[in-house]
Amino acid sequence: MKNLLIKDFRLAMHPTVFLFWLLSAMLLIPNYPYYVVLFYSSLSLFFVCLGGRENRDIEFSLMLPVRKRDAVRARICFAVISQAVQLIVAVPFAALRQAMSVGGNQVGMDANIAFFGFALLLFGIFNLQFFTSYYRAPEKVGRTFAASSVILFAVIAVFETLTHTLPFFRLRLDTPDPAFLPEKLAVLAIGLAAYVLLTFIACRISEKRFESLDI
Amino acid sequence: MSVLSIKDLCKSYGEFQLQDVSFEVQRGEIMGFIGRNGAGKTTTLKALLNLVHPDSGEVRFFGMDFRENELGIKNRIGFVSGGADFYPRKKLRSISAVTKSFYPTWNEAEYRRLLALFALDEGKTPAQLSAGMKLKYSLALALSHGAELLILDEPTSGLDPVSRDELLEIFLRLAREGVSILFSTHITSDLDKCADRITYIREGRIVCSEDTDSFKSRYRLVQLTEAEAKELQPYLIGQGITRGGITALMTPSDTERLGIPSQSTDIDTVITHWEKEGKA
């Protein structure tokens, strides 16, 4: 699987993966729905899979001495690394945003510790929906991503609505760090656990679906 | 020992069915896998590597079951489907660097030798290569990891006659070195030049799998007038109209017994008349 992962970085990686990592800097925008940054990250994964279809990546990979499930694991592992980099790059910008004396984010959730918990949950949901659908019909990756985007924005809408309406979100989670640190750390831990679980399930289902697929 | 053995392979695709496909490829043998477009050649080749899941049947490479020994077997074979059409904008150097990392048996010196032999420039991309050069690049990749069996899907399609001839000579050289080659084609003249054996598939069924010479000697070609053809109707196989009258196949015993002048056949002639007869 290690070689397939290297193959993904050397051949399959679309330039937007790198460029969209840099969009983590959007957390510096004083008032902005920061979850949109996560959409760009997901968009870059779509470009990788779309490019794979145009470059016959699946056919190329399966001619190599690998199992079909290895190809799935490597691609999801690539996504995990990309998403991790996206969030790691975002951390200093989130810290900088907090240090700016312009007040909290008026549009949506602050770029704080809880935000990263929700971001992980969002990525987990994306992985589950996108990859399980992609590996059922890789040639229909456009349709798959359209469905994933609808779900992604629906979840973002729910998160942002809760931020404005639910007192626990508004008064405790949507606050500058380190206020309400235990609650925010709990959200981060739950987000991380959900991400790991959802991505693991995504991997298992995708492997099964891809294994039964006629290429 | 056969390097590839397929037994009773079946696959249903809606209206198309691959039925009880069985044949064997021996070491150092060139096997031509022929049939019309849509006869089931590509489906069969993909089913060998489990890219298409057979409903039933057995596929053994080097005496081993494919599903149980997938990695080991893939290390010993090369599968080329339509030339190097993957990553057309990446340099060959990058594609090769990735490919070699998968093969513990990769022979860099052999790879360099093949690049020089095929006049391949690693600085080029597949998009900059002609169909023939793409195929040579695919062959170079397959042979550099010491593939003992090459499975090639329609390798000569889209090649000009000179490139085709060049490729067939490469096949013959490889076979002399002990490499087995299974290649599908609908260009039967390729087989006359290099195939030791042919396997003929028609509408998802194997019609025959035998030595090329014995295949060709099954029948004789006769050229008749319309009146003669009418008279000899029960003995004729796959009548076709030509400028000179009627051509058909007859068994050697019939031509001898009836004293009909006849010529030897090539694969193309046999297949065309068989298809016409529809009773192969």
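In this predicted model, 22 residues of chain A are in contact with 27 residues of chain B. The size of an interface is often given as the accessible area lost when the parts come together. Here the area buried between chain A and chain B comes to about 2500 Å², and carbon and sulfur atoms give 60% of that. If you would like a place to start looking on the chain A side, try Leu11(A), Met63(A) and Pro65(A): these three supply 28% of the area that chain A buries against chain B, more than any other three residues.

Charged side chains also meet across this boundary. The rule finds two salt bridges across the interface of chain A and chain B. One pair is Arg56(A) with Asp85(B), whose side chains meet in a salt bridge at 3.9 Å, N to O. Another is Lys11(B) with Asp214(A), at 2.7 Å from N to O. This second pair crosses between chains, running from strand β1 of chain B, where Lys11(B) sits, to the segment after α9 (181–211) of chain A, which holds Asp214(A). Are its two ends buried or exposed? Lys11(B) counts as buried because its relative accessible area is 8%, under the 20% limit. Asp214(A), with a relative accessible area of 27%, is partly exposed.

Strand β1 of chain B is worth following further. Spanning residues 2–13, this strand pairs with strand β2 (residues 16–26) of chain B in the antiparallel sense, over eight bridges. The two strands form a hairpin with two residues between them. In that turn you will find Gly14(B), which has a positive phi of about 60°. β1(B) is also joined by five bridges to strand β4 (residues 56–61) of chain B, and these two strands run antiparallel as well. Leu4(B) lets you trace both pairings: its bridge partner in β2(B) is Val25(B), while its bridge partner in β4(B) is Phe61(B).

Leu4(B) and Phe61(B) lead us on to the nonpolar interior. Which residues have the most contacts inside the largest nonpolar core? They are Leu4(B), Phe61(B), Leu150(B), Phe171(B) and Leu182(B), in a core of 142 residues. Helix α6 (residues 113–134) of chain A gives the most to this core, with twelve residues. Within chain B, domain 1 (2–215) and domain 2 (217–277) both give residues to the core, so it lies between them.

To get a feel for the surroundings of one of these residues, centre your view on Phe61(B). Leaving aside neighbours within four places in sequence, Phe61(B) is in contact with Val3(B), Leu4(B), Leu48(B), Leu49(B), Phe66(B), Ile73(B), Ile77(B), Leu149(B) and Ile151(B). There is also a second, separate core of nine residues, which includes Val222(B), Leu224(B), Leu232(B) and Met250(B).

Back in chain A, helix α5 (residues 68–99) contains Ala94(A). Ala94(A) is buried, as its relative accessible area of 5% shows. Not counting residues up to four places away in sequence, Ala94(A) touches Leu27(A), Ala111(A) and Phe116(A). Ala25(A) makes a useful comparison of sequence with space: Ala94(A) and Ala25(A) are 69 residues apart in sequence, and their C-alpha atoms are 8.3 Å apart.

Let us finish with the salt bridges, of which the structure holds 32 over all chains. In chain A, the side chains of Asp70(A) and Arg67(A) meet at 3.7 Å, N to O. Asp70(A) is buried, with a relative accessible area of 10%, whereas Arg67(A) counts as partly exposed at 28%.

In chain B, Lys193(B) forms a salt bridge with Asp165(B), and the closest N and O atoms are 2.5 Å apart. This pair links distant parts of the chain: Lys193(B) belongs to helix α7 (residues 188–194) of chain B and Asp165(B) to helix α6 (residues 161–176) of chain B, 28 residues apart. Both ends are partly exposed, with relative accessible areas of 36% for Lys193(B) and 31% for Asp165(B). Finally, Lys7(A), Asp8(A), Asp57(A) and Arg75(A) are joined into one network by salt bridges that share partners.

Conventions
Residues are numbered from 1 along each chain as its sequence is written. Chains are lettered from A and ligands numbered from 1 in the order in which they are written. This is a predicted model: local features need pLDDT of at least 70, side-chain atom pairs count only at pLDDT 80 or more; totals for chains, interfaces and linings use all residues. Side-chain values use heavy atoms; hydrogens and water are left out. A nonpolar core is a set of buried Ala, Val, Leu, Ile, Met, Phe, Trp, Tyr and Cys residues joined through side-chain atoms within 4.5 Å. Buried means under 20% relative accessible area, exposed over 50%, partly exposed in between (1.4 Å probe, protein chains only). Helices (H or I, at least four residues) and strands (E, at least two) are DSSP runs, numbered from the N terminus. Domain bounds come from an automatic or database domain assignment. Contact means heavy atoms within 4.5 Å. Two strands pair if DSSP finds at least two bridges between them. Buried area is the accessible area (1.4 Å probe) that two parts lose on being put together, summed over both. A salt bridge is a side-chain nitrogen of Lys or Arg within 4 Å of a carboxyl oxygen of Asp or Glu.
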